[in-house]
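Visitor: I have a structure on the screen and some questions about it. Could you walk me through them?
Guide: Gladly. Let us look at it together.

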Amino acid sequence: MDVDQRAVSRADPGEKPVPAAGTATFWGSDAVAAAVRALDLPFVALNPGASFRGLHDSLVNYLGNERPQMLLCIHEEHAVGIAHGYYRVAERMMAAAVHANVGLMHATMPIFNAWCDRVPVLVLGATGPVDAARRRPWIDWIHTARDQGALVRDYTKWDDQPASPAAAQESILRAALLANTAPRGPVYVCLDAGLQESRLDAAPAVPDAARFAPPPPAQPASEVLARAAKWLDEAKCPVILAGRVGRSERAWRERVALAEKLGARVLTDIKQAAAFPTDHSLHPVPASTFLSPAGAELLRAADVLLSLDWNDLAGTLKTAFGAAPVAPKVIQVSVDLHGHRGWSMDHQGLPPVDCHLLAEPDVAVPLLLAATRRATPAAPPARTAAATPAPPGDGLTVAAVATALNAALGDADACFVRVPLSWSGEYRHFRHPLDFIGYDGGAGIGSGPGMTVGAALALRGSGRIPVAFTGDGDFLMGVTALWTATHYRIPLLVVVANNRSFFNDELHQERVARERGRPVENRWIGQRIAGPDIDLAAMARAQGAEGFGPVTEPARLEPVLREAIDAVRAGAVAVVDARVATGYSGAMSAGMMRTGKAQGKS
Ligand SMILES: Cc1ncc(C[n+]2csc(CCOP(=O)(O)OP(=O)(O)O)c2C)c(N)n1
Ligand SMILES: [Mg+2]
C-alpha cells in the first residue's frame, strides 16, 4: 500500500509502561501476546474487561504496549470501527479486543459491517473461566457463555475458542491467515480467562508468522482469461463496473489503462471506495448509491460488461434491464462467491455471468491489459472539467456544504471517509484511490465516527486530510469515538450535515403514507432530532476536539470550514455543525422515489 506506514508508529508517548520486573514467570496470555506480536499488528483497539485482564496485562507488561499499541475506546463499536477504517486506508489488519459477551454484543454491528465490506479484523474476546471451579461468584458466571462465537459466527470468516496456550497461538495464526485471504473478513478468537491466567512452565514460543502467511492471490484460468480478452477486443460498446478494488496506485493506473485501451465507459459506486477517476471522459455518469437512469441507459447500450467485483451485480442488472433478458455478455472478476453463506444476504442477488474470472480485480486487470490486443479504443480518452455541484441557493443544503468544502479544501489532498446519504457523485471528483474510502459495508448507522478515527490513524503523516462529511444521526450514534482521536492526537475533520433528523426514514414514512392515503405531514414524528436541538460542537468540545457552529448562514460556511481545516492541519480534531435543511437531492432520493417499494432502506 502507498500510505506512509511510518506515520502509524507510535501514538501518545504518555502511554509507555514502566518496565516490568519478574519476567521469569510467564502466563498463558503471554503466549497469546507472543502470537499477536508475531503478526506485527500495529494497534489493538479495545474497551477493557476483566475477562481479558490476563491478556491486557500481557499487552502492557509483556509486550510493553508496542506492536500492538493499545487504543482505548469508549465503546466496543468504535474499537472494531477503528480497525475497519484503518484497513480501508492502510490495507493492513488491526486487532480489536472486546470483553466477554457484553463487549462482543456491543461489537456485533461493526463486525457485521466489516464482514459485508470484506475487511479483515482480528477480534480478540474472552469468556470464563470455562472451568466452573475457578469462577468468581456472579460476574464470571454472567460473563461465561457456552458458545460465545455463535454471536458472530454467521458474519465472521472463522472463530475459535482454543483450550491451551499452544492452541491459542495456532488459533491466532490461523485467524490472521483466513482474515487476510480473499474474500477477506473479520475473525473472532475467544480466550478462556482460565487459559490466560494459567502459569506457563517456560517462556512462550515465538511463532514464525511468515510460515503461516496468506498464499499469493489466485490467478484466473488462462482459457477463461483469453475468452474475456477476446470479448473485450470485439466489443463495440464495453462497459466496466468498477467495484471492490484495492487502494494501490499501480492498480488504479492499470484500471485506467485498460479502460482507455478498450474505450470502455466506466461506472463507479458511492458505496465502494474510489475505483476510477471520476473526471475521466470514460466516466460519464456520476457515482450513485442506486443505479441512476443514465447509468442504466449506459448498461442497456453495452454489448460486453466487465464487472470488477461490483457489489450487487444482479440488482444493478435488474435495475437496468427489468424483466427483460440481460443482453450484454457479462464478465465477472471476483472471488467473492468463496465467502457466500446462508445467514446474511450480503451476497446479493444471483447475477447471470457468461465468463467468470475467479480472481481479485487487481490481479486480473493487468492480465486483461496484457491479453487484450485492441488497437483502436471504442472512444477517445480525455478528461472532463471539475465537478459541478449544485449552486448554494438560499439555505444550507448538502450541495451547498459540498461546494463550500471543496472551496475550503482547495488543492489540498483529502481523504473522504464518509459522505452523507444524500450525497451525489456530482459534488466532488475522486482522482486517487485514497480520495474516498466508501461506505461501511453493512449500512449500520453510527459507524461513521469510528471508521473516521481509524482512517485518520492510518493517514497520519501522509499530508492527506481525513474528512468525514456525515449525517447527524450517524455522528450522534458514534460520537464518543472522537475521544480516541483527541486522546491519541489523531487529526481529522468531521462536517455534520445536521438536518436534525433521521431523515432517510422520514422519506420512508412519506412513501408509506402516500401509498396508504394517510397524512404525509406526519412523516417527521419519531424521526426528528429536535426540541432540544443537540449542540454537536459542544459534544466535540466536551471530548477535547474543536467544535464549530452551528452554522446556519451560507456565507459563514466557507470561512468556518477554512478555520476548521487550519485547526486540523495544526493537529486538532475538528467538528463543524452545518445546519442543513431537510430534504434529499441527488441519486439517493432519485433511486428511492423511482421504485414502487421503499428502496432507500439502509
Ligand atoms: C444501526 C442502524 N439503525 C437504524 C438504521 C436505519 N436508518 C437508515 S438511514 C437512517 C437515518 C440516518 O440519519 P442521518 O445520519 O442523520 O442521515 P439523514 O438521513 O438525516 O441524511 C436510519 C435511522 C440503520 N441503517 N442502522
Ligand atoms: Mg440527519
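Visitor: Which residues of helix 12 (residues 361-371) are buried?
Guide: A word first: this is a predicted model. Buried here means under 20% relative accessible area. In helix 12, the residues that meet this cut-off are Pro 361, Val 363, Ala 364, Val 365, Leu 368 and Leu 369.

Visitor: What covers the buried residues of helix 12?
Guide: Both helices and strands take part in the cover. Among the strands are strand 11 (304-308), strand 12 (329-333) and strand 13 (355-357). The helices include helix 8 (222-234) and helix 9 (249-262).

Visitor: What is the mean pLDDT of the protein?
Guide: pLDDT is the predictor's confidence in each residue, from 0 to 100. In this protein, 91% of the residues reach 70 or more. The mean is 92.

Visitor: Over which residues is the pLDDT below 50?
Guide: One stretch has 20 contacts in the model beyond near neighbours in sequence, and that is residues 4-10. Another has 38 such contacts. Its pLDDT is also below 50, and it covers residues 586-602.

Visitor: Is Ile 240 buried or exposed?
Guide: Ile 240 sits in strand 9 (residues 238-242). Its contacts, leaving aside neighbours within four places in sequence, are Leu 258, Ala 259, Ala 264, Arg 265, Val 266, Leu 267, Leu 306 and Leu 308. The relative accessibility of Ile 240 is 3%, and the cut-off is under 20%, so Ile 240 counts as buried.

Visitor: How far apart in space are Ile 240 and Leu 282?
Guide: In sequence, 42 residues separate Ile 240 and Leu 282. In space, taken C-alpha to C-alpha, the distance is 9.7 Å.

Visitor: How do the axes of helix 13 and helix 19 lie to each other: parallel, antiparallel, perpendicular or oblique?
Guide: The axes of helix 13 (residues 398-409) and helix 19 (residues 554-569) come within 9 Å. They cross at roughly 50°. The crossing is right-handed. Roughly parallel needs under 35 degrees and roughly perpendicular needs 65 to 115, so helix 13 and helix 19 are oblique.

Visitor: Which residues of helix 19 meet helix 13?
Guide: Helix 13 brings Ala 400, Val 401, Ala 404, Leu 405, Ala 407, Ala 408 and Leu 409 to the meeting. From helix 19 come Leu 557, Glu 558, Leu 561, Arg 562 and Ile 565.

Visitor: Which residues form salt bridges with Arg 579?
Guide: The structure holds 29 salt bridges. Arg 579 is buried, at 14% relative accessible area. One partner, at 3.2 Å from N to O, is Asp 577, which is buried too. Another, at 3.3 Å, is Asp 533.

Visitor: How many residues apart are Arg 579 and Asp 533?
Guide: The salt bridge between Arg 579 and Asp 533 links distant parts of the chain. Arg 579 lies in the loop between strand 18 (573-578) and helix 20 (586-594). Asp 533 lies in the loop between helix 17 (503-516) and helix 18 (536-541). The separation is 46 residues.

Visitor: With which residue does Lys 271 form a salt bridge?
Guide: Lys 271 is partly exposed, at 27% relative accessibility. Its partner is buried, at 4%. The closest N and O atoms are 3.1 Å apart, and the partner is Asp 269.

Visitor: What is the phi of Asp 309?
Guide: Asp 309 is in the loop between strand 11 and helix 11 (313-321). Asp 309 is buried, at 10% relative accessible area. Although Asp 309 is not a glycine, its phi is positive, about 45°.

Visitor: Is Asp 312 buried or partly exposed?
Guide: Asp 312 is found in the loop between strand 11 and helix 11. Its phi is positive, about 65°. At 22% relative accessibility, Asp 312 counts as partly exposed.

Visitor: Which proline follows a cis peptide bond from Ala 182?
Guide: The bond has omega near -5°. The proline lies in the loop between helix 6 (165-179) and strand 7 (187-192). The residue is Pro 183.

Terms used. Residues are numbered from 1 along each chain as its sequence is written. Chains are lettered from A and ligands numbered from 1 in the order in which they are written. This is a predicted model: local features need pLDDT of at least 70, side-chain atom pairs count only at pLDDT 80 or more; totals for chains, interfaces and linings use all residues. Side-chain values use heavy atoms; hydrogens and water are left out. A salt bridge is a side-chain nitrogen of Lys or Arg within 4 Å of a carboxyl oxygen of Asp or Glu. Buried means under 20% relative accessible area, exposed over 50%, partly exposed in between (1.4 Å probe, protein chains only). Helices (H or I, at least four residues) and strands (E, at least two) are DSSP runs, numbered from the N terminus. Contact means heavy atoms within 4.5 Å. Axes are lines fitted to C-alpha atoms, for helices over the stretch in contact, and angles run from 0 to 180 degrees between N-to-C directions. Angles under 35 degrees count as roughly parallel, over 145 as roughly antiparallel, 65 to 115 as roughly perpendicular and the rest as oblique. A crossing is left-handed if the near helix is turned anticlockwise from the far one by less than a right angle, and right-handed if clockwise.
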